[in-house]
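User: Could you take a close look at the part where the two chains meet, and then set it in the context of the rest of the model? A connected account would suit me best.

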Amino acid sequence: MRPTSAFYVVYLFVNCLKFGFSEFNKDRFHEELLIKPLLGGRIYSYFQFTTIWDEEFKSESFHHCHLFPRALGEVVARHNVRELHISLTQGTWRHEKWGYPVVDAPPGAELWVWFKDDTKDVDSEWKHLTGALSGLLCASLNFIGGSNSLSPEMSFTPSGRVEDYGNGKLNSSYLKYATLPREVVCTENLTPWKKLLPCDTKIGLSTLLNAGYIYNTNYLSLGIHLKPICRDEECSTSSIELKQTVSLVYDTAIVGNGCQNWSLRSLFGRGLEGHCPLASSSMIYVDISQNTSSFAFRLDPPPDNIITTLRGGQIGQLAAYDISQMPSYPLFNLAAHHIPPSCVNLGVNIPPPLFHASRYIIGYGQERGGIVTRVYNNHRQELEVLYFENIPWFLPVYMHSLHITSNGKSIEPLKKRYKPGVERKRPYYLEILLKLPPRSVTEISFNFDYIFLKWQEYPPDANHGFYVGSAVLTTYLPYARNYTASPMDGSLIASSFNNGSKHGYIVQLRTEVLLVSLPTPDFSMPYNVICLACTVVALAFGPLHNITTKRLMLTNIQKRGALDWIRSKFWWKAKVKSD
Amino acid sequence: MKFKKMGLLTDPGAGRGKLTQVLVCHHSKLCALSYIGGVIWFTLLARDAFNAGTYFSENALLPGLVKEEFDESAIAKTYLSEINDEADRYPDAVPYPWLIAKLKQLNLDTYTHNFTLHYPLGPGRKFTGKNVYGILRAPRGASTEALVLTVPYRPPNSIHPTTAPSLALALSLAKFFRKQKYWAKDIIFLVTEHEQLGVQAWLEAYHGVSCGRDGVLDAGSLSGRGGSIQAAINLEIHSDQVASIDVKIEGLNGQLPNLDLVNLVHRMCLKEGIRHTFKDRDDPRDSETYEGWMHAFHTLMLMVFTQASGVPNGNHGLFHRVVERVFRSLNNLLERFHQSFFFYLLPATDRYISIGMYMPPLGMIGGGLLIKAFVLWLKMQEDKESSPYSEKSRRDGGEVEEKRENGDSDKEAKIAEDKEENKEKGNNDEELRDEECSKLPNPASFKEQGVQSIRNGLAWACAVFLSAHVIGLALLSSTKGITVIGYEYLGLPTEFSLFIGFVIASLLLIVLFPVVCSSASEKPSPCKSQSNGTEWAPFLNIAALLELATVLLAISMHNFSLGLVYAVVFTPSALWIAPTKSRFGIEAVTIEGFAPKVKSKTSPAGFYQLGKLRKGIQRILWLPLQPIILLVIVSLIYTAVMFPEEFAHFDQSFLTRAFSAASNALTFSVVDSYAYGSWFKAVSQSRAKPGALGGKETTSFQPHIAFLSG
């Protein structure tokens with residue numbers, strides 16, 4: 001009996017292995033790190049962990065996962081998701097100084113999801129999906145609901161493979177977009193995020209993500225992007241692509257030892273032990289395009305390979321390190337040593353990007369205010385820009401006060417979509433397509449009212465203020481200056497190197513979030529009043545009740561014997577009976 | 001009962017209580033008592049028993065947990081010597097290239113801000129300025145909140161003491177702050193030109209608003225911002241050896257910072273063992289003694305006068321470690337300042353008087369006005385009752401009086417009492433009154449006369465009241481016209497033409513109002529209505545008293561110090577001028593009656609009745625309260641105090657100096673109101689910073705306009 005069962009177990013194990021190997025062929029995992037020096041001694045490091053799974057984007061597909069995180073797969077399958085984008089961000093990306101990141105994200109949490117066309121009740125799926133994701137990432141995504149979600153028509157088209165839509169038009173009712181600008185991103189989000197990786201943080205590039213170090217950055221953004229992509233050129237079948245990203249911006253004035261020098265050890269607290277064995281490729285790229293005589297640094301160890309890129313008229317140079325070729329001991333430490341003149345230099349001289357924006361609140365007091373967005377077009381040609389505004393319901397906006405002026409002249413939007421908000425139910429939605437004149441600063445402004453909320457709607461720190469999420473601006477740039485984003489048809493950082501596009505380069509940027517001080521009642525006052533009132537009532541109630549309910553009567557005091565007492569008792573009983 | 005049918009505004013029977021009688025009899029004593037009591041109470045507030053020790057309301061500041069690490073003192077010295085070198089190269093301007101280069105070297109987001117002041121009083125004069133600011137982006141924030149550190153730059157040619165050390169300190173702080181990773185709020189280092197004007201322009205541009213009159217201060221636009229401003233600290237250090245820190249808190253229009261912020265600075269100085277003062281005065285050594293109280297009271301009054309002027313006193317001085325500690329504490333803030341007091345007075349660095357403590361004395365001071373108005377109203381009722389048949393009632397003596405008292409004041413009690421015993425007595429009462437009325441010469445005509453006289457009185461009072469206000473408003477808005485006329489036709493400088501214009505206007509009013517009134521009062525109507533001549537004077541008096549009281553309280557809610565100064569100066573005069581049934585006749589009463597409203601403008605009208613001592617004193621009392629005269633007097637006193645040696649000679653140069661001080665005060669206040677929207681110019685105060693004197697002074701003018709725009 002014994003040998004038979006042992007054989008059976010071995011047989012089963014081999015079968016499993018076979019099954020597993022067959023799965024191996026279907027999905028691949030890549031880990032990449034891009035390091036780019038920015039203006040003012042900042043270092044941008046971008047991690048991208050990509051899983052590509054040659055499987056149709058169907059619910060059944062997620063029953064058996066190999067490298068793809070099953071926890072996420074189940075959620076996606078259950079809620080009929082076609083495309084999913086989550087970002088959890090601390091700090092704000094400064095486009096004016098830093099150019100464009102690979103993946104843009106607003107401060108706080110952002111979630112946008114395309115549901116499949118056969119979804120019956122999008123709202124309820126959305127509600128349940130946010131709840132599930134909230135548990136998956138330990139974020140407050142469960143606070144997303146109808147009152148802060150929108151379905152923008154133009155700004156968020158599917159970024160992955162689009163199956164045939166009946167009449168060839170996108171139905172934006174299957175899209176849900178929401179932000180939580182107040183969400184604070186911390187270790188509790190990083191840990192579950194890391195668990196979605198095939199190698200977790202045991203080995204590979206993800207070991208660099210030490211919570212103690214990466215939260216000392218000026219900007220930190222975690223991202224999860226899931227979409228169907230074309231499996232081949234014909235695009236007849238689809239694959240599933242999952243990108244997990246981390247964007248970090250370090251300030252060498254804070255983390256470095258002066259001189260803008262940096263190393264993996266100073267940025268992440270440790271060297272690199274080795275690559276993830278499950279990964280098909282493990283690469284580190286360092287942007288050395290700016291490594292010129294005026295701002296010279298030396299990489300140690302020298303790169304294996306220097307890649308010259310040409311994209312959108314921009315020639316760049318990248319130092320590439322293949323981690324899978326590195327020995328696991330000693331720990332791999334990549335360092336950049338600046339050659340003295342650049343120690344006192346201002347840093348890389350990056351020209352300002354062609355297109356950037358800033359947003360702020362105007363007015364003072366707590367009655368009326370306005371929001372102004374300044375959009376800069378530094379290009380010598382016109383730019384078509386899509387502006388998407390998502391105003392929470394507690395900021396009633398006056399659309400008649402919408403003014404768009406460019407260099408003093410008012411301009412008319414090409415397209416305008418507006419849906420007024422409803423208190424406690426729906427945010428204000430505004431989407432505008434604009435044509436920015438060449439070399440111009442365009443101001444989009446509108447006014448709002450400050451309103452009182454119900455007293456229970458104020459958070460515990462009511463006087464901190466209320467957040468208004470970012471506006472999103474989308475455009476196609478003719479040049480790829482300061483541009484690092486992956487192309488539409490490529491999944492890896494490597495695929496962006498020599499990938500010119502004749503349609504231009506899509507840029508989607510998020511503005512700053514705003515802090516609005518709504519009129520706040522003095523919450524200590526009701527507390528004091530309640531305390532005082534309760535004391536007064538407690539002290540006054542007894543005597544008052546006593547005085548008002550008792551009647552003073554003259555009674556004859558008689559000496560009563562035991563018999564009288566008994567009789568009185570009986571008399572009372574008798575009276576009760578008679579009643 | 002009868003009187004109700006006459007259509008009076010109130011039930012005349014209501015004022016017949018014993019209390020009312022007492023009030024009517026002793027109101028002058030009561031008013032004087034409440035005034036004196038209020039003043040004494042206020043002076044007592046400087047004693048520790050009447051005020052409270054300061055404390056932190058906002059726990060999030062965590063002032064005790066901040067450990068200072070500032071180690072850039074050496075670089076501050078280097079910066080200071082560099083600034084001094086640069087200042088030699090640019091004697092009239094801010095060394096922009098150097099400043100911008102330094103800020104950029106620190107990798108701050110550096111921007112410049114241009115603004116223009118279109119001088120409101122002269123034709124086509126323009127002044128431009130340029131601020132420089134660098135924003136330290138908080139590593140732990142998303143630019144939603146910001147703290148501001150401002151330094152006014154003063155070129156060597158400025159009349160004010162240099163602020164180069166504070167600029168050096170600000171830059172070294174920026175260098176130090178830059179290396180810290182704990183900032184959660186952006187820190188904006190702002191170097192301004194032209195003192196307060198630069199800050200005002202920057203703030204207006206930051207918030208996209210305009211506080212002053214449109215088109216006066218063109219604030220320009222900012223290209224970089226840092227979220228909502230949570231707190232701001234202004235740094236002014238005049239030498240690199242700082243002996244003590246003086247905390248200055250009074251802002252525009254008497255606004256004060258949250259008491260927590262003030263406490264924070266004092267606490268940090270205490271921790272660092274740095275001598276810290278308020279109003280350049282140490283705390284009293286022993287607050288229980290008379291000297292201690294005097295000291296605290298002196299400090300308190302200094303604050304009251306500065307706040308009342310409504311002009312920000314600008315230079316807020318601090319020191320490096322203290323600044324570091326303060327900014328770290330502010331960085332800890334989770335919510336904007338809201339916990340502690342915004343309305344307070346400080347007699348010492350560690351004591352405060354809250355709004356709950358200082359309002360009652362003011363209420364007492366101003367309360368006399370209300371009592372007086374009430375008594376006047378009662379008296380008017382009495383007059384109306386008695387005057388048509390006053391002869392009769394006087395002849396009859398106490399008899400009718402007594403009966404009426406029975407009938408009115410005790411009527412209700414009596415009725416209640418008599419109900420069971422004697423029901424006829426109540427009827428008797430009615431009969432008695434009917435009887436009394438039937439004795440009147442002609443009830444019907446009296447009724448008509450009464451209504452008519454009240455209507456006339458009201459109409460006339462309203463007309464005078466309104467015209468006084470309209471004239472005030474016209475004067476306020478005529479400033480530009482006056483200067484343009486003075487400049488273009490007479491070639492006079494702005495200050496001079498403005499001053500002369502106001503003097504002429506005041507003189508005209510002083511002469512014209514009495515003439516109009518006296519001519520009106522000679523006619524039987526409308527100034528005096530029919531045979532009963534008192535009609536419009538009491539109305540006007542009551543309205544004026546009520547308005548004065550209301551305005552006093554309203555102003556004191558906004559800017560207590562101004563309200564207090566105003567109350568102390570004007571209340572006694574307003575109280576003293578009583579339209580008693582005096583032997584000086586109705587005209588005098590009439591004029592005095594509206595004097596509190598129109599201030600001294602009309603009071604000299606009584607000159608044709610000179611010879612009566614009391615009236616004379618009253619008139620003299622009102623004359624200095626004429627705004628322009630008050631201004632001149634204060635300027636004289638100020639100049640005498642500042643230049644005692646010239647006062648000793650009392651020659652022409654002294655008078656010239658005083659005159660220029662007065663006219664400058666006027667001009668500055670007008671310009672301030674145009675540029676900053678400082679409504680206290682309109683209310684009553686103006687600051688003078690006479691170029692030659694280089695000091696500050698507080699003068700009062702235009703109180704009548706206060707009521708309109710305040």
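Analyst: Happy to. Let me begin with the membrane annotation, as it frames the rest. For chain A, the unreviewed UniProt entry lists a "transmembrane region" at residues 525-544. Keep in mind that this is a predicted model. In it, residues 525-544 of chain A are 100% helix and 0% strand, with the end C-alpha atoms 27 Å apart. For chain B, the unreviewed UniProt entry places the same kind of feature, "transmembrane region", at residues 358-378, 457-476, 496-516, 536-555, 561-578, 620-641 and 661-680. Taking residues 358-378 of chain B as an example, the model again gives 100% helix and 0% strand, and here the end C-alpha atoms are 31 Å apart.

Now to the interface itself. The size of an interface is often given as the accessible area lost when the parts come together. By that yardstick, chain B and chain A bury about 2,700 Å² between them, and 47% of this is on carbon and sulfur atoms. In residue terms, 32 residues of chain B are in contact with 36 residues of chain A.

What holds charge to charge here? The count between chain B and chain A is 1 salt bridge, and it pairs the side chains of B:Arg178 and A:Asp251 at 2.5 Å, N to O. Polar contacts across the interface of chain B and chain A come to 10 residue pairs, with both residues at pLDDT 80 or more. On the chain B side, the elements that give two or more residues to the surface touching chain A are α4 (96-105), β2 (109-118), α6 (195-207) and β7 (228-234). Sorted by class, that side of chain B has 8 nonpolar, 13 polar and 11 charged residues.

Helix α6 of chain B is worth a second glance. Over all chains, the structure has 37 aromatic pairs. One of them is B:Trp202 with B:Tyr206, a tilted pair at 5.0 Å centre to centre with 40° between the planes. These two residues are 4 apart in helix α6 of chain B, so about one helical turn separates them.

Chain A offers a parallel in charged side chains. Among the 24 salt bridges over all chains is the one between A:Arg70 and A:Glu74, at 2.9 Å, N to O. Because A:Arg70 and A:Glu74 lie 4 residues apart in helix α2 (residues 70-78) of chain A, they too are separated by about one helical turn.

Two backbone details in chain A round this off. Most residues other than glycine have a negative phi, and most peptide bonds are trans. A:Asn80, in the loop between α2 and β3 (81-90) of chain A, has a positive phi near 60°. A:Asp300 and A:Pro301 are joined by a cis peptide bond, with omega about 0°, and A:Pro301 sits in the loop between β11 (297-300) and β12 (305-311) of chain A.

Key: Residues numbered from 1 in each chain as written. Chains lettered and ligands numbered in written order. Predicted model: local features only at pLDDT ≥ 70, side-chain atom pairs only at ≥ 80, totals over all residues. Heavy atoms only, no water. UniProt positions renumbered as here; feature names shortened; annotations may be inferred. Contact = heavy atoms within 4.5 Å. Buried area = accessible area lost by both parts, 1.4 Å probe. Salt bridge = Lys/Arg side-chain N within 4 Å of Asp/Glu carboxyl O. Polar contact = N/O pair within 3.5 Å; in protein donor to acceptor, adjacent residues only side chain to side chain. Nonpolar A, V, L, I, M, F, W, Y, C, P; charged D, E, K, R; others polar. Phe/Tyr/Trp six-rings, centres within 6.5 Å; stacked < 30°, edge-to-face > 60°.
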